[in-house]
Amino acid sequence: MESDEQNDNAVKLRQFFEILNGCFGESSFVKLILGKYRGDEKDLRTIKILLIKIQEQDTLSFVHQYKTKDITKNFPVKDGIETVRGLLGKDFKSAHLFSLTGDVQLEFSKRDRCILNSSRATCSDVPVKIHNREKERMIDQDRAFLTALGITGEDHKVLHSMNRKWKQINVFLEIFQRALLSSQLSKMQNINVVDFGSGKGYLTFAVYDFLRNSQKMDPQVTGVELREELVRLCNDVARELEMGKLHFCQGDLKSYNPGKTHIMIALHACDTATDLAIHMGIRSGAEIIMCAPCCHKELRPQIVVPSALKASLRFGVHLGQEAEMVTDSLRALLLEASGYETQVFEFISLEHTSKNKMILAVKRCDVPEKKEEALSQIKAIKDFYGIREVALEELLKNSIQ
Ligand SMILES: C[S@@+](CC[C@H](N)C(=O)[O-])C[C@H]1O[C@@H](n2cnc3c(N)ncnc32)[C@H](O)[C@@H]1O
């Protein structure tokens with residue numbers, strides 16, 4: 001780059017940081033968004049920076065927004081600004097500053113020329129600065145179904161015993177929303193969602209409420225549950241709250257026929273119930289399949305420990321973890337072989353629940369070559385561990401071979 005351009009870039013960066021510092025001086029800072037990420041971290045998209053208070057100290061909260069999750073890191077304001085200085089122009093090629101006095105956008109062009117623009121303020125309020133880990137919520141705490149299901153009390157405060165569930169619902173909805181937006185479904189109005197093993201219906205109600213009230217859709221949401229008393233309880237609440245297209249059916253995953261389904265959810269369906277649910281999702285043409293498996297019992301007794309792993313897998317705990325990993329890897333590969341882009345990740349920290357792994361699959365129409373690759377990877381894993389039979393593979397036998 002010519003040195004004139006370098007000087008020009010340095011001037012614009014200096015101006016930008018003067019404006020940014022000024023915002024803190026005059027308490028007009030609203031938020032800063034770093035975008036156009038060009039760094040090495042997989043799936044990182046943007047960093048949203050907000051000003052919050054932690055123990056009375058002004059703090060910059062950096063929310064790293066990945067494809068399917070957010071990770072937050074907090075810095076004292078001065079350190080936060082220095083962190084931005086280190087990122088801007090290198091990993092991130094744009095910064096959009098929102099303040100009460102005006103918006104400023106700094107961007108690097110393809111040739112790394114710095115462009116600085118300002119415009120009228122789009123925000124007229126500074127967000128409340130209280131640090132509240134629970135604050136970025138996907139549903140309002142005052143929703144009546146939360147009280148009816150015993151998550152909140154009459155005062156709409158989350159009951160102490162339900163804090164984890166509340167956290168789980170919100171994280172789940174965040175992932176749900178992103179999956180929805182990355183699929184074709186976000187353009188549709190009428191979608192069918194089935195939640196297998198819906199239990200007390202926490203997530204089923206939350207999904208219905210979210211689709212109707214936040215996404216302005218007209219969804220048909222069905223919870224399928226073995227236990228009659230839970231089905232009755234959920235249907236009573238749905239009826240009482242006039243949640244018209246939310247229904248619960250007493251039924252067994254094994255024999256239930258969901259008809260055309262757009263989204264299939266199965267959270268904590270035990271052992272091979274997850275496989276039944278995934279199979280049902282694939283068979284009914286679901287665009288999105290979300291499941292959090294648990295109680296992986298199927299493969300452990302089948303594993304013939306490879307000699308190189310003998311020293312490690314002689315410990316029962318390791319063998320259990322290995323069996324779990326292999327089970328979910330095979331599920332992910334079978335989903336890929338069936339035309340889904342699939343991710344496996346921890347969706348909530350272990351402090352909230354030990355059942356924290358999610359398999360998220362979004363249907364893609366353009367993946368023919370992935371099928372062969374996935375099938376040969378499945379074979380390689382099975383051969384390596386001496387696995388004879390995999391429930392989901394058996395269920396899918398006629399559709400993907
Ligand atoms: C661990 S609970 C999870 C409930 C809910 N998905 C959640 O995450 O809050 C699993 C539920 O699946 C139900 N279930 C187990 N096997 C089932 C089957 N074959 N068909 C339908 N429901 C089943 C159980 O009765 C139980 O309510």
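Q: How many helices and how many strands does the secondary structure of the chain come to?
A: The model of this chain is predicted. Its secondary structure comes to 11 helices and 14 strands.

Q: What percentage of the residues in the chain are buried?
A: A residue counts as buried if 20 or more other C-beta atoms lie within 10 Å of its own. The chain has 401 residues, and the buried share of them is 33%.

Q: In what order do the 7 strands of the open sheet stand, and which are its edge strands?
A: The pairing in this open sheet is mixed, and the order of its strands is β10-β9-β8-β11-β12-β14-β13. An edge strand pairs on one side only, and this holds for β10 (246–250) and β13 (340–346).

Q: By what angle are neighbouring strands of this sheet turned against each other on average?
A: Strands of a sheet pair through backbone hydrogen bonds, either parallel or antiparallel. For the average in this sheet, direction is ignored. The neighbouring strands are then turned against each other by 15°.

Q: Which strands of the sheet does helix α6 touch, and what angle does its direction make with that of β10?
A: Helix α6 covers residues 228–240 and packs on the sheet. The strands it touches are β9 and β10, and its direction makes an angle with that of β10 of about 165°.

Q: How many bridges join β13 to β14, and which residue of β14 does E341 stand opposite?
A: Strand β14 comprises residues 357–363 and runs antiparallel to β13. The number of bridges joining β13 to β14 is 7. In β14, F345 has M358 as its bridge partner, while the residue opposite E341 is V362.

Q: How many bridges join β12 to β14, and which residue of β14 stands opposite M290?
A: Strand β12 (residues 288–294) and β14 run antiparallel, and the bridges joining them number 4. Opposite M290 in β14 stands L360.

Q: Why is β14 described as largely enclosed by the rest of the structure?
A: The description rests on how many residues of the strand are buried. Strand β14 has 7 residues, and it is largely enclosed because the number of them that are buried is 6.

Q: What distance separates the end C-alpha atoms of helix α9, and which residue with a positive phi follows α9?
A: Helix α9 (residues 316–337) has 22 residues, so at 1.5 Å a residue it should span 32 Å. This agrees with the distance between its end C-alpha atoms, 31 Å. Among the buried residues of α9 are A323, V326 and T327. The residue that follows α9, with a positive phi near 95°, is G339.

Q: Which strand gives the most residues to the shell around the ligand?
A: At least two residues of this shell come from each of α5 (202–214), β9 (220–225) and β11 (263–270). With 4 residues, the strand that gives the most is β11.

Q: Which residues come nearest to the ligand?
A: The residues of the shell around the ligand divide into 4 charged, 4 polar and 9 nonpolar. There are 17 residues around the ligand, and those that come nearest are G197, G199, L226, L253 and L267.

Q: Does I52 count as buried or partly exposed, and how far is it in space from V77?
A: I52 is found in strand β2 (residues 44–54). It has 18 C-beta neighbours inside 10 Å and therefore counts as partly exposed. I52 and V77 are 25 residues apart in sequence, and their C-alpha to C-alpha distance is 9.7 Å.

Note on methods:
Residues are numbered from 1 along each chain as its sequence is written. This is a predicted model: local features need pLDDT of at least 70, side-chain atom pairs count only at pLDDT 80 or more; totals for chains, interfaces and linings use all residues. A residue is near a molecule or strand if its C-beta atom, placed from the backbone, lies within 6 Å of it. Ala, Val, Leu, Ile, Met, Phe, Trp, Tyr, Cys and Pro count as nonpolar, Asp, Glu, Lys and Arg as charged, and the others, Gly among them, as polar. Two strands pair if DSSP finds at least two bridges between them. Axes are lines fitted to C-alpha atoms, for helices over the stretch in contact, and angles run from 0 to 180 degrees between N-to-C directions. Two residues are in contact if their C-beta atoms, placed from the backbone, lie within 7 Å. The expected span of a helix is 1.5 Å times one less than its number of residues. A residue is buried if 20 or more other C-beta atoms lie within 10 Å of its own, exposed if 12 or fewer, and partly exposed in between; C-beta atoms are placed from the backbone.
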